[in-house]
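User: I'm new to this one and would like to go through it with you. Can you show me the structure before I start asking things?

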Amino acid sequence: QVQLVESGGGLVQAGGSLRLSCAASGRTFSTDVMGWFRQGPGKERERVATITWSGISTYYADSVKGRFTISRDNAKNTVYLQMNSLKQEDTAVYYCAVLRTVGIMMQPSYWGQGTQVTVSS
């Protein structure tokens, strides 16, 4: 089992910045990909960014490229999401996840409880 605890959400004005943190504990592995997902009001959950254990390979949704940066500190078992130039459409509950290969697919295997990010005009 893996436990994920997010922090860092809150209310920010458009154009501002926030940094989310996600601390992992339990049975984590060096093959784990970690990622951030979000679910806005009335929307489906979407993948925002992911990062491999080495940190070399990252993925960003088109909507956040150039504004968000994902990073991880393996010594602390923590992944971060630096969010700059925030827009109202970034308002959502942000979830941290551990992704593992199941069969031929890499998919979220564990979720955090979520942290609310609200961007005001």
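User: Leaving aside its neighbours within four places in sequence, which residues is Arg67 in contact with?
Analyst: This is a predicted model. In it, Arg67 is in contact with Gln82, Met83, Asn84, Ser85, Leu86, Lys87 and Asp90, leaving aside its neighbours within four places in sequence.

User: Where is Arg67 found?
Analyst: Arg67 is in the loop between E6 and E7.

User: Is Arg67 buried or exposed?
Analyst: Buried. The relative accessible area of Arg67 is 11%, and it counts as buried because that is under the 20% cut-off.

User: What does the side chain of Arg67 reach at 2.9 Å?
Analyst: The backbone oxygen of Ser85. The side chain of Arg67 also makes a polar contact with the side chain of Asp90, at 2.7 Å.

User: Which residue forms a salt bridge with Arg67?
Analyst: Asp90 does, with the closest N and O atoms 2.7 Å apart. This pair links distant parts of the chain: Arg67 is in the loop between strand E6 (58–60) and strand E7 (68–73), while Asp90 is in the loop between E8 and E9, and the two are 23 residues apart. Both Arg67 and Asp90 are buried.

User: Which residues are joined into one network by salt bridges that share partners?
Analyst: Arg38, Glu46, Arg67 and Asp90.

User: How do the side chains of Arg38 and Asp90 meet?
Analyst: In a salt bridge, at 2.9 Å from N to O. Here too the pair links distant parts of the chain, with Arg38 in strand E4 (residues 33–39), Asp90 in the loop between E8 and strand E9 (92–102), and their positions 52 residues apart.

User: What are the relative accessible areas there, starting with Arg38?
Analyst: Arg38 has 6% and is buried. Asp90 has 0% and counts as buried as well.

User: Why can side chains of opposite charge pair?
Analyst: They can pair when their charged atoms come close.

User: How many salt bridges does the structure hold?
Analyst: It holds 5. One of them is between the side chains of Lys65 and Asp62, at 3.1 Å from N to O.

User: Are Lys65 and Asp62 buried or exposed?
Analyst: Both are exposed. In the pair of Arg67 and Asp90, by contrast, both residues are buried.

User: Let's switch to Arg72. Where does Arg72 lie?
Analyst: Arg72 lies in strand E7.

User: What is the nearest side chain of opposite charge to Arg72, and how far away?
Analyst: That is Asp32, 6.2 Å away. Arg72 is buried yet has no salt bridge. The distance to Asp32 is over the 4 Å cut-off, so the two do not count as a salt bridge.

User: Then which backbone oxygen does the side chain of Arg72 reach at 3.2 Å?
Analyst: The backbone oxygen of Asp32. The backbone oxygen of Thr52 also lies 3.2 Å from a polar atom of the Arg72 side chain.

User: What else does Arg72 touch?
Analyst: Not counting residues up to four places away in sequence, Arg72 touches Asp32, Val33, Met34, Ile51, Thr52, Trp53, Thr78 and Val79.

User: Thr78 is in that list. Which strand is the place of Thr78?
Analyst: Strand E8, residues 78–83. Thr78 is buried, with a relative accessible area of 11%.

User: Which residues is Thr78 in contact with, leaving aside neighbours within four places?
Analyst: Ser21, Cys22, Ala23, Ser71, Arg72 and Asp73. In addition, the side chain of Thr78 reaches the backbone oxygen of Lys76 at 2.9 Å.

User: How far apart are Thr78 and Glu6?
Analyst: In sequence they are 72 residues apart, and in space 9.5 Å, C-alpha to C-alpha.

User: Back to Cys22, which was among the contacts of Thr78. What joins Cys22 to Cys96?
Analyst: A disulfide, with 2.1 Å from S to S. A search of the whole structure finds 1 disulfide. Cys22 is in strand E3 (residues 18–26) and Cys96 in strand E9, 74 residues apart, and the pair links distant parts of the chain.

User: Is the link of Cys22 and Cys96 left-handed or right-handed?
Analyst: Left-handed, with -80 degrees about the S-S bond.

User: Are the two cysteines buried or exposed?
Analyst: Cys22 is buried, with a relative accessible area of 0%. Cys96 is buried too, with a value of 0%.

How values were computed
Residues numbered from 1 in each chain as written. Predicted model: local features only at pLDDT ≥ 70, side-chain atom pairs only at ≥ 80, totals over all residues. Heavy atoms only, no water. Helix = DSSP H or I, 4+ residues; strand = E, 2+ residues; numbered from the N terminus. Buried < 20%, exposed > 50% of the residue type's maximum accessible area, 1.4 Å probe, protein only. Contact = heavy atoms within 4.5 Å. Polar contact = N/O pair within 3.5 Å; in protein donor to acceptor, adjacent residues only side chain to side chain. Disulfide = S-S within 2.5 Å. Lys, Arg positive; Asp, Glu negative; His and termini not counted.
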